[in-house]
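Biologist: Could we go through this one slowly together? I'm new to reading structures, so plain sentences would help.

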Amino acid sequence: MATLRIPEENRMIEEFDAVRAYLGGIGIDHERWEPTHAVPADASATEVLAAYSAEIDRLKASGGYVTADVIDVSPATPGLEAMLNKFNSEHWHDEDEVRFIIEGRGLFHIRPQRGPVVSITVEAGDLLRVPRGTWHWFDLCQEKRIRAIRLFQDTSGWTPHCTESGTDRRYDPVCFGPSYIPNRLW
Ligand SMILES: [Fe+2]
């Protein structure tokens, strides 16, 4: 379940409806998806896409997405750091960034046009839609593992445009959720 944090306000939101409502207020769609049938951990990309085909088709129809694929990232992924470094500073895209998490975790930071920066730790079952033009950045969590469905309107719009504002450097890429231990306990 996604965990939302607003560092400036030292505030954390964990309840699904509250997270969804807050994100909706800054233009980010958040949903929880269930597969139509159990998906084994070693399922192929084809099997994964089939298990979520109803949701994918619904989103494709509503958002103009034409293709869906499955991305797999682990500590063994060649060139992992170079890949992550493309996305961990503030940027935007010419198309929506749509991710449904199948396994692992990730950390989105969003800088809305109004209001404070928010961080969102996403995990299995979470769908996030970051509209085109939204300033954001992305990090993996400590375990460096994520498997996710991506939906595209036009893959040529996927190139990140960096803002080079430096805003991202003011926020720790710390994931929240079940394995997070607050600093105050130390
Ligand atoms: Fe992005």
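Biologist: Let me start with two residues: are His91 and Glu97 buried or exposed?

Modeller: Both His91 and Glu97 are buried, where buried means a relative accessible area under 20%, exposed means over 50%, and partly exposed lies in between, with a 1.4 Å probe and protein chains only. Please keep in mind that this is a predicted model, in which local features need pLDDT of at least 70 and side-chain atom pairs count only at pLDDT 80 or more, while totals for chains, interfaces and linings use all residues. Residues are numbered from 1 along each chain as its sequence is written, and side-chain values use heavy atoms, with hydrogens and water left out.

Biologist: OK, and which residues are the protein donors of the iron ion?

Modeller: The iron ion has His91, His93 and His136 as donors, each through NE2, together with Glu97 through OE, and these donors lie 2.0 to 2.2 Å from the ion. Donors are N, O and S atoms within 2.8 Å of the metal (3.2 Å for Na, K and Ca), and water is not among the atoms, so sites may look incomplete.

Biologist: What spacing do those donors follow along the chain?

Modeller: Along the chain, the donors of the iron ion are spaced as H-x1-H-x3-E-x38-H.

Biologist: Switching topic: how many residues does the largest nonpolar core have?

Modeller: The largest nonpolar core has 25 residues, and those with the most contacts inside it are Leu4, Leu23, Phe108, Ile120, Leu128 and Leu140. Such a core is a set of buried Ala, Val, Leu, Ile, Met, Phe, Trp, Tyr and Cys residues joined through side-chain atoms within 4.5 Å.

Biologist: And which elements each supply at least two residues of this core?

Modeller: The elements that do so include the helices α1 (16-25) and α4 (80-85), as well as the strands β1 (3-6), β6 (97-111) and β9 (135-140). Helices (H or I, at least four residues) and strands (E, at least two) are DSSP runs, numbered from the N terminus. There is also a second, separate core of 15 residues, which includes Trp33, Tyr52, Ile102 and Leu151.

Biologist: How many disulfides does the structure hold, by the way?

Modeller: The structure holds one disulfide, meaning a pair of cysteine sulfur atoms within 2.5 Å. This disulfide joins Cys141 to Cys175, with 2.0 Å from S to S, and the link is left-handed, with -95° about the S-S bond.

Biologist: Where do Cys141 and Cys175 lie in the chain?

Modeller: Cys141 sits in the loop between β9 and β10, whereas Cys175 sits in the segment after β11 (161-162), so the disulfide ties together parts that are 34 residues apart in sequence. Cys141 is buried at 2% relative accessible area, and Cys175 is buried as well, at 11%.

Biologist: Now the charged residues: how many salt bridges are there?

Modeller: There are 13 salt bridges in the structure, each being a side-chain nitrogen of Lys or Arg within 4 Å of a carboxyl oxygen of Asp or Glu. In one of them, Asp69 pairs with Arg150, and the closest N and O atoms are 2.8 Å apart. That pair links distant parts of the chain, with Asp69 in strand β4 (residues 67-73) and Arg150 in strand β10, 81 residues apart. Asp69 is partly exposed at 24%, while Arg150 is buried at 17%.

Biologist: Which residue does Asp72 meet in a salt bridge?

Modeller: Asp72 meets Arg145, at 2.7 Å from N to O. Here Asp72 is in strand β4 and Arg145 is in the loop between β9 and β10, 73 residues apart.

Biologist: And which residues are linked in a network of salt bridges?

Modeller: Asp29, Asp96, Arg129 and Arg132 are linked in such a network. Arg132 and Asp96 form a salt bridge whose closest N and O atoms are 3.9 Å apart. Arg132 is partly exposed at 49%, whereas Asp96 is buried at 6%.

Biologist: Last topic: what is the phi of Asn10?

Modeller: Asn10 has a positive phi of about 50° although it is not a glycine, and its place is in the loop between β1 and β2 (11-13). Most residues other than glycine have a negative phi. Lys144, in the loop between β9 and β10, also has a positive phi of about 50°. Asn10 is exposed at 66% relative accessible area, while Lys144 is partly exposed at 28%.
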